[in-house]
Amino acid sequence: PLLVRQMAKDAPNASIELNPLSGDFLEQLRAGRADIAVYPLDTVPKDFHRLELYQSRRGILVRQGHPLIKKYEKAGKIELDDLRAFKHVMMNLPGTPELSPAAYQQYAFEVGISLPYFLGVPYVLADTDYVYIGPVVTLMHCLRLPDCNLRVLPAPPEVSPFTPAIIWHHGAHTDPFLQWVRGVLLQSAREEAKRYNAIEI
């Protein structure tokens, strides 16, 4: 929201097109079919640039009254074994910043439902004992939904670290407008994360 507000104010003749990341997003950036990607990627090829937005964490989204809440309040933490006791909601859209299907297999999490879009997640959780692991900034938005009555719990350290980054190809590095966009994106992302107390350092 902060990015769009700033763009509307300072660059009223510009337009933004947001697309879900595909598996070949680096090739799209390299070919100039996309300008910027936002993704938690640690390393990039030599002809790319990466700018860390902030260091944050993932959380666990559950309904109020979920058995995990009582476990957390008693133990003060959630462990991987606790998460294995419940079915999970997983995103099946390539490029989402949630845990990958390989991570679900690695940690032996059972997937109860796989969705292409995040908007359905709160409504699945509202009526089930399913759990969802995702970036804290994203999860905090769900708490404002009036019909879902959800809660965010801290994720175990094995699945918690989350560091989104801006990624762009060197061919777009010196474009003045894209330099400005990257700066606005960095500032707005950090402000949003601070607002939700989601920045670790």
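A residue counts as buried when its relative accessible area is under 20%, and as exposed when that area is over 50%, with partly exposed in between. By that cut-off A193, at 0% relative accessibility, counts as buried. The structure discussed here is a predicted model, and the protein in it contains eight helices and nine strands. The points below pass from the whole chain to one helix, then to two loop residues, and finally to three residues with their surroundings.

**Overall form and surface**

- The radius of gyration is 18 Å, which agrees with the value near 17 Å that a compact globule of 201 residues would have.
- Taken along the principal axes, the box filled by the C-alpha atoms of the protein has dimensions of roughly 55 × 35 × 30 Å.
- Of the 201 residues in the protein, 39% are buried, while the area that the protein exposes comes to about 11,300 Å², with carbon and sulfur atoms supplying 53% of it.
- When contacts between residues at least 6 apart in sequence are considered, 73% of them join residues that are at least 24 apart.
- The charged side chains comprise 21 positive and 22 negative ones, and the centres of these two sets lie 5 Å apart.

**Helix α1 and its two sides**

- Helix α1 spans residues 2-10, and within this helix L2, L3 and M7 are buried.
- These buried residues cover an arc of only 130 degrees around the axis, which puts them on the same side of α1.
- The other side of α1 carries the exposed residues V4, R5, A8 and K9.
- The cover over the buried residues of α1 includes helix α8, which runs over 176-195.

**Two loop residues with positive phi**

- Most residues other than glycine have a negative phi.
- A108, although it is not a glycine, has a positive phi of about 60 degrees, and its place is in the loop that lies between α5 (101-106) and β5 (111-115).
- N149 is likewise not a glycine and has a positive phi, here of about 55 degrees, and this residue is found in the loop between α7 (136-142) and β7 (150-154).
- Since the relative accessibility of N149 is 52%, and the cut-off for exposed is over 50%, this residue counts as exposed.

**A193 in helix α8**

- A193 belongs to helix α8, the helix that is also among the elements covering the buried residues of α1.
- Once its neighbours within four places in sequence are left aside, A193 is in contact with Y54, V137, A198 and I199.
- Between A193 and T163, which are 30 residues apart in sequence, the C-alpha to C-alpha distance is 11 Å.

**V136 in helix α7**

- V136 is located in helix α7, and with a relative accessible area of 6% it is buried, given that the cut-off is under 20%.
- Not counting residues up to four places away in sequence, V136 touches R57, R58, G59 and A198; A198 also appears among the contacts of A193.
- Although V136 and R57 are 79 residues apart along the chain, their C-alpha atoms are separated by 6.2 Å.

**K71 in helix α3**

- K71 sits in helix α3, which covers residues 67-75, and its relative accessibility of 41% makes it count as partly exposed.
- With neighbours within four places in sequence left aside, the residues in contact with K71 are G76, K77 and D82.
- K71 and F86 stand 15 residues apart in sequence, and their C-alpha atoms are 13 Å apart in space.

How values were computed
Residues numbered from 1 in each chain as written. Predicted model: local features only at pLDDT ≥ 70, side-chain atom pairs only at ≥ 80, totals over all residues. Heavy atoms only, no water. Helix = DSSP H or I, 4+ residues; strand = E, 2+ residues; numbered from the N terminus. Rg over C-alpha atoms; globule rule 2.2 N^0.38 Å. Buried < 20%, exposed > 50% of the residue type's maximum accessible area, 1.4 Å probe, protein only. Contact = heavy atoms within 4.5 Å. Areas by Shrake-Rupley, 256 points an atom, 1.4 Å probe, with all protein chains shown as cover. Lys, Arg positive; Asp, Glu negative; His and termini not counted. Charge placed at Lys NZ, Arg CZ, Asp CG, Glu CD. Arc of directions from axis to C-beta.
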